[in-house]
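Thanks for sharing this one with me. Here are my notes, written so that you can follow along with the model open beside you.

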Amino acid sequence: MTDDPQSPTGRPVPAWFTDAKFGIFVHWGAYSVPAWAEPTGELGATDPEVWFAHNPYAEWYWNTSQIEGSPAWEHHRAVYGGRPYDDFLDLWRAESFDPGDWADLFARAGARYVVPTTKHHDGIALWDAPGTGTRNTVHRGPRRDLVADLAGAVRARGLRFGVYYSGGLDWYAGRRAVIRHEDRIDDYGRPHEAAYAAYALRQVRDLIDRYRPDVLWNDIGWPDLGMADLPGMFAGYYAAVPEGVVNDRWDGAHADYLTSEYQANRQNETAAAWENCRGVGLSFGYNRNEGPEDLLDTAGAVRLLVDVVSRGGNLLLNVGPKADGTLPEEQRAVLEGIASWMTHHAAAVHATRPLEPGDAVPGGETADGEGPPWVRWTRDDRHAYAFVAGAPGGEAVLKVRPGLLDPATAARLDGGPVSAAAVSDGVRVASPWLDAPLPAAVRFSLASPG
Ligand SMILES: C[C@@H]1N[C@H](CNC(=O)Cc2c[nH]c3ccccc23)[C@@H](O)[C@H](O)[C@@H]1O
């Protein structure tokens with residue numbers, strides 16, 4: 001294993017992952033019953049002092065609702081009379097869950113992999129996980145192996161299937177310690193005992209044996225006394241899933257790729273392979289309190305995806321299903337919007353790579369890179385794709401290395417008219433609606449392919 005941040009383990013990352021560009025995260029659990037949080041702000045852009053007591057992550061309901069005096073604490077008393085959290089497992093029916101419908105939408109949206117929670121911080125398993133007794137969705141609540149149901153539907157449509165596992169926190173089998181901001185000194189109450197390490201290892205090995213996940217997406221970290229188990233576990237994983245990929249949240253033990261989350265750990269976005277994850281809104285679990293102002297719209301989601309891909313990363317965009325198994329309409333609408341955009345633009349996203357350094361400079365943007373127009377680039381062996389949005393009057397100067405492109409080959413992927421001409425510092429393009437918020441891609445042939 002190397003300590004090279006660019007390729008953390010030296011193992012080449014399977015091409016399917018770096019070509020995939022777009023995955024769907026799914027946070028679904030007992031927390032989806034209350035589905036209640038304050039839409040406070042984005043991780044990494046929100047005051048850590050207020051984060052835990054006003055946690056925008058609805059999947060943290062167990063913790064937030066136990067912080068005395070917090071709005072979630074008040075809500076849990078007022079609406080649920082302070083009843084035990086595990087009641088939500090039995091109230092979670094998933095009566096309208098249609099994994100094929102989800103998988104159809106994810107495939108149309110251009111996602112190439114899907115990663116659902118299999119055990120989040122509340123310790124409730126979405127399969128009959130070893131050591132959980134009946135505290136799982138096979139024996140209670142939905143009474144279904146939700147991991148198997150989604151794996152089958154996703155793979156039937158040719159998408160890859162990964163698993164999210166909360167190795168670093170388990171508020172049931174680990175430590176039932178409520179985490180307040182001041183607890184950061186106490187390592188956030190993370191469990192490190194040998195018994196928990198064995199419990200977690202057994203569950204991850206079970207996930208590998210039963211579902212052959214294409215992605216092992218661990219969260220928070222791994223128990224100290226279980227660190228010695230990991231090399232063997234990873235070796236077993238790669239033997240079972242030769243094209244498998246492992247994320248970076250194993251307390252440094254191993255990583256095929258690095259992750260960022262909303263605005264947190266964005267320094268990881270320089271790695272050879274990396275992935276940014278976030279919700280359509282400010283939460284991963286469904287939060288009934290989120291309004292349009294808290295959610296990405298289609299243009300925002302597409303610009304996020306294109307920006308990430310233009311910098312060599314993947315976007316893992318999360319949807320938080322309701323307890324009944326339907327996707328919230330406002331989140332579904334964003335995926336439908338991406339799907340519509342993808343019908344013309346998939347070729348400029350999947351299996352592309354960034355332009356070489358120096359091939360393009362902030363194209364027509366102001367110095368801060370934020371001014372109009374919004375321009376991002378991708379390329380493959382034969383073409384360069386300029387994604388343009390917000391161009392005043394539909395005109396933009398794409399500042400690229402002279403000789404990189406053949407302007408005569410300019411064509412909008414969505415079929416719209418476009419004119420292009422070489423200018424001293426690049427290519428001027430003009431086309432109606434390049435001033436729209438939703439990016440349109442202009443394809444050029446590379447003057448020298450390769
Ligand atoms: C996908 C989300 N992950 C959250 C945990 N996130 C973090 O701990 C942030 C973080 C810690 N170390 C990192 C390394 C890289 C990127 C983010 C993190 C969970 O607490 C959320 O509930 C949700 O599952």
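The points below begin with the ligand and its surroundings and then move on to individual residues.

1. First, a reminder to keep in view while reading: this is a predicted model. Every distance, angle and area in this note is therefore computed from predicted coordinates.

2. Let's start at the ligand. It has 18 residues around it, and the closest are His 27, Glu 59, Trp 60, His 121 and Asp 219. By type, this shell splits into 7 nonpolar, 7 polar and 4 charged residues. If you colour the model by secondary structure, look for strand S6, residues 258–261, which gives the most to the shell, with 3 residues.

3. Which side chains have an N or O atom at short range from the ligand's own polar atoms? For the ligand's oxygen atoms, His 121 has a side-chain N or O atom 2.8 Å from one, and His 120 has a side-chain N or O atom 2.9 Å from one. For nitrogen, the side chain of Arg 249 places an N or O atom 3.4 Å from a nitrogen atom of the ligand. The protein buries 83% of the 530 Å² that the ligand exposes when taken alone.

4. Where does the ligand sit? The space it takes is the largest pocket.

5. Arg 249 deserves a second look. Besides its approach to a ligand nitrogen at 3.4 Å, its side chain makes a polar contact of 3.0 Å with the side chain of Thr 259. Thr 259 belongs to strand S6, the strand that gives the most residues to the shell around the ligand. Is Thr 259 buried or exposed? Its relative accessibility is 3%, so it counts as buried, the cut-off being under 20%.

6. Two residues caught my eye for their backbone angles. Most residues other than glycine have a negative phi. Tyr 188, although not a glycine, has a positive phi of about 55°. Ile 220 also has a positive phi, of about 75°, and is not a glycine either. Tyr 188 lies in the loop between strand S3 (160–165) and helix H8 (194–211), while Ile 220 lies in the loop between strand S4 (215–218) and helix H9 (230–240). Tyr 188 is partly exposed at 31% relative accessibility, and Ile 220 is partly exposed at 32%. You may like to check both loops by eye.

7. Arg 190 is found in the loop between S3 and H8. With a relative accessibility of 8%, Arg 190 counts as buried, because that value is under 20%. What does its side chain reach? The partner is the backbone oxygen of Trp 222, at 3.1 Å.

8. Leu 201 is in helix H8 and is buried, with a relative accessible area of 13%. Leu 201 and Pro 223 are separated by 22 residues in sequence, and their C-alpha atoms are 9.7 Å apart in space.

9. Last, a stop at helix H11, residues 329–345, which holds His 344. Why is His 344 called partly exposed? Its relative accessible area is 40%, so it falls between the 20% limit for buried and the 50% limit for exposed. From His 344 to Leu 317 there are 27 residues in sequence and 20 Å in space, C-alpha to C-alpha.

Methods
Residues numbered from 1 in each chain as written. Predicted model: local features only at pLDDT ≥ 70, side-chain atom pairs only at ≥ 80, totals over all residues. Heavy atoms only, no water. Near = heavy atom within 4 Å. Polar contact = N/O pair within 3.5 Å; in protein donor to acceptor, adjacent residues only side chain to side chain. Areas by Shrake-Rupley, 256 points an atom, 1.4 Å probe, with all protein chains shown as cover. 1 Å grid on protein atoms, 1.4 Å probe; cavity = no way out; pocket = protein on both sides within 12 Å on 5 of 7 lines; lining within 4 Å. Sits in = over half its atoms within 2 Å of the grid points. Helix = DSSP H or I, 4+ residues; strand = E, 2+ residues; numbered from the N terminus. Nonpolar A, V, L, I, M, F, W, Y, C, P; charged D, E, K, R; others polar. Buried < 20%, exposed > 50% of the residue type's maximum accessible area, 1.4 Å probe, protein only.
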